[in-house]
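Me: I'd like to learn how to read a structure like this one. Could you walk me through it?

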Amino acid sequence: MGCGWRVSVDLSLGEKIRDYTLQKRMNNKMNAIMLEILPFARKGYCCSQLLMLLLMRGFERQNPDLVRAMHGLCFGMGGSEGSCGLLTGGACVLGCVAGRGKDEESAHPSFVPLISDYQQWFADRMRNYGGTACFQIMQGISEANGATRPKAGEQPNLALCGDLFAECWEKILSLLETYEVPLELR
């Protein structure tokens, strides 16, 4: 392709990543994705970091600087009542696979609609919670589950967001497939 986008696909990697989404949900709404990230969540990583760690793990890579940068998106951008880290972190994961990172590269030709579709799906999915801000989602999920919403300054209970995390990961993979984005890091 003239844009410099590499079109080769590591099918074993694609199959490996998609396996996360194909396994059946287990008791207590726990699924394979959650089991994969649980050790990282227990170590204190937040939702946006967990998305990137899951991507990096799928590619059998480590990038502490990237994971550290994702920390800036945690809990509505530091508890500032900004956008949920699953929205902003998901956009970063999509950008990591489909975006431009070097002078000689071009973003995937469908990069803008890819990100736009993820944002629109997320906004539609969160409509019942009143918006896409972390605090709105946490309040909505807490109320729906009879749990107590974290107080100002407290970190959200990531266990409440587990199903949403899995849905976001599945949506990211689905969009990458829909837009025929190769599952590879360049």
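Reply: Sure, and let's begin with a word we'll need a lot: a residue is called buried when its relative accessible area is under 20%, and exposed when that area is over 50%. Keep in mind that this is a predicted model.

Me: Let's try that on a residue. Is cysteine 161 buried or exposed?

Reply: Cysteine 161 has a relative accessible area of 10%, so it counts as buried. Cysteine 161 is in no disulfide, and the nearest cysteine sulfur, belonging to cysteine 84, lies 6.3 Å away. Cysteine 168 is in no disulfide either, with the sulfur of cysteine 84 as its nearest at 6.7 Å. Its relative accessible area is 0%, so cysteine 168 is buried.

Me: How many disulfides are there, then?

Reply: The general idea is that a disulfide is a covalent bond between the sulfur atoms of two cysteines. Here the count is one. Cysteine 46 and cysteine 74 form it, with their sulfur atoms 1.8 Å apart. The two sit 28 residues apart and link distant parts of the chain: cysteine 46 is in the loop between H2 and H3, while cysteine 74 is in helix H5.

Me: Which hand does the disulfide of cysteine 46 and cysteine 74 have?

Reply: The torsion about its S-S bond is about -65°, so the disulfide is left-handed. Both ends are tucked away: cysteine 46 is buried at 1% relative accessible area, and cysteine 74 counts as buried at 2%.

Me: Let's step back to the whole chain. How many helices and strands are there?

Reply: The protein chain has nine helices and zero strands. It has 186 residues, and 44% of them count as buried. Take the contacts with a separation of 6 or more: residues 24 or more positions apart account for 65% of those.

Me: How do I read a single helix, say H6? What does H6 pack against?

Reply: Start with the general idea: an α-helix has 3.6 residues a turn, so residues three or four places apart point the same way. H6 covers residues 85–98 and reaches 19 Å from its first C-alpha to its last, close to the 20 Å expected. Eleven of its 14 residues are buried, so H6 is largely enclosed by the rest of the structure. Among those buried residues are Leu86, Val93 and Val97. As for neighbors, the buried residues of H6 pack against helices H3, H4, H5, H7 and H9.

Me: And H8? Which of its residues are buried?

Reply: In H8 the buried ones are Cys134, Ile137, Met138, Gly140, Ile141 and Ser142. Their cover includes H5, H7 and H9. H8 has twelve residues and reaches 16 Å, close to the 16 Å expected. Right after H8 comes glycine 146, whose phi is positive, near 65°.

Me: Last one: which residues touch the most other members of the largest nonpolar core?

Reply: In soluble globular proteins, nonpolar side chains tend to be buried together. In this model, the largest nonpolar core has 47 residues, and Leu55, Leu86, Tyr118, Phe122, Phe165, Trp169 and Leu176 touch the most other members. Elements giving two or more residues to this core include H2, H3 and H6. H9 gives the most, with nine residues. For a close-up, try leucine 55: leaving aside residues up to four places away in sequence, leucine 55 touches Val93, Cys96, Val97, Trp169 and Leu185.

Methods
Residues numbered from 1 in each chain as written. Predicted model: local features only at pLDDT ≥ 70, side-chain atom pairs only at ≥ 80, totals over all residues. Heavy atoms only, no water. Helix = DSSP H or I, 4+ residues; strand = E, 2+ residues; numbered from the N terminus. Expected span 1.5 Å × (residues − 1). Buried < 20%, exposed > 50% of the residue type's maximum accessible area, 1.4 Å probe, protein only. Contact = heavy atoms within 4.5 Å. Core = buried A, V, L, I, M, F, W, Y, C linked by side-chain atoms within 4.5 Å. Disulfide = S-S within 2.5 Å.
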